[in-house]
Amino acid sequence: MRDSRPVLLDTLFDDADLLKNVQQRAIALLKLNKAVKALLPKQLHNYCRVANFRQGVLVLEVANASWLVRLRYEQPMLLTTLRTEILPSLASIDIKINPKLTINNQTAADLVRSYTPKDSKDDTPMRKLSEQSAEQLRDLAARSPGKLKEKLERLAALAGERVTSTASRNKKS
């Protein structure tokens, strides 16, 4: 299986045993992945997967270092449970970081959901301009010329506002 010599595709298709072995190994790894995920906390499911099992070592991949730390807390329980129930030949668990797991699990919908306020009843985002920042903008506007002064004053007036409307945008302080 670990033969690193190049092989013609025709040879692969002619050798049904080789493809059958690859398929069986892939199915076994998928079943092992399912079993491991059933033992892990739900938060880890999307950021952890079984990469390989060879020579008694289970190789797990995680999305980043923070998930690696969380998985390390679960590692002793996982090792003993897998040894007793599924893999008696399991000697150790090796954990690797694979940043592609983060990219694969994050969708545009997840990103949009993570940036919308949870307690808001409407779709308008809460303003994040503090009063101190607004005061600094007003001081800067006092020393600025013409149009820049107007724009800085309008921006400072938005501190603490929640709804954007044309009336609030044109309001001067």
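Accessible areas here come from the Shrake-Rupley method with a 1.4 Å probe. With that in mind, let's walk through some views of this predicted model.

**Figure 1. The whole protein is built from 8 helices and 3 strands.** Following the chain from the N terminus, you meet the elements in the order α-α-β-β-α-β-α-α-α-α-α. The protein has 173 residues, and 25% of them count as buried. Its accessible surface comes to about 12,800 Å², and carbon and sulfur atoms hold 55% of that area. Take the contacts with a sequence separation of 6 or more: 56% of them are made by residues 24 or more positions apart.

**Figure 2. Three strands line up as an open sheet in the order β1-β2-β3.** Strands of a sheet pair through backbone hydrogen bonds, and the pairing can be parallel or antiparallel. Here the pairing is mixed. Strands β1 and β3 (92-97) stand at the edges; each has a single partner strand, so one side of each is left without a neighbour in the sheet. From one strand to the next, the twist averages 25°. Helix α2 (residues 16-39) packs on this sheet, where it touches β1 and β2, and its direction makes about 130° with that of β1. Helix α3 (residues 65-85) packs on the sheet too, touching β1, β2 and β3; its direction makes about 160° with that of β3.

**Figure 3. A hairpin joins β1 and β2.** Have a look at the turn: 2 residues lie between the two strands, and Q55 in this turn has a positive phi of about 50°. The strands of the hairpin pair in the antiparallel sense over 6 bridges. One bridge to look for links F53 to its partner L58 in β2.

**Figure 4. Strand β2 (residues 57-62) runs parallel to β3.** The two strands are joined by 6 bridges. You can trace some of the partners one by one: L58 is paired with I93 in β3, E61 with K96, and V59 with D94. Between these strands, the chain crosses from β2 through α3 to β3, and this β-α-β crossover is right-handed. How many of the 6 residues of β2 are buried? The count is 5, so β2 is largely enclosed by the rest of the structure. L58 is a good residue to pause at, as its bridge partners include F53 on one strand and I93 on another.

**Figure 5. N52 sits in strand β1 (residues 48-54).** Is N52 buried or exposed? Its relative accessible area is 15%, and the cut-off for buried is under 20%, so N52 counts as buried. The side chain of N52 makes a polar contact with the side chain of R25, at 2.4 Å. Leaving aside residues up to four places away in sequence, N52 touches R25, L29, V57, L58 and V59. Two of these names have come up before: L58 is the bridge partner of F53, and V59 is that of D94.

**Figure 6. N98 lies in the loop between β3 and α4 (100-105).** Although N98 is found in a loop, its relative accessibility is 14%, so it counts as buried. Which residues does N98 touch, not counting those up to four places away in sequence? They are R49, E61, V62 and A63. E61 is a residue you have met already, as the bridge partner of K96 in β3.

**Figure 7. S133 has its place in helix α6 (residues 131-142).** At 29% relative accessibility, S133 counts as partly exposed, whereas N98 counts as buried at 14%. Now find A156 in the view: S133 and A156 are 23 residues apart in sequence, and their C-alpha atoms are 7.6 Å apart in space.

Key: Residues are numbered from 1 along each chain as its sequence is written. This is a predicted model: local features need pLDDT of at least 70, side-chain atom pairs count only at pLDDT 80 or more; totals for chains, interfaces and linings use all residues. Side-chain values use heavy atoms; hydrogens and water are left out. Helices (H or I, at least four residues) and strands (E, at least two) are DSSP runs, numbered from the N terminus. Buried means under 20% relative accessible area, exposed over 50%, partly exposed in between (1.4 Å probe, protein chains only). A polar contact is a pair of N or O atoms within 3.5 Å; within protein, one must be able to donate a hydrogen and the other to accept it, and residues adjacent in sequence count only if both atoms are side-chain atoms. Contact means heavy atoms within 4.5 Å. Two strands pair if DSSP finds at least two bridges between them. Axes are lines fitted to C-alpha atoms, for helices over the stretch in contact, and angles run from 0 to 180 degrees between N-to-C directions. A crossover is right-handed if, with the strands pointing away from the viewer, the path from the first strand over the helix to the second runs clockwise.
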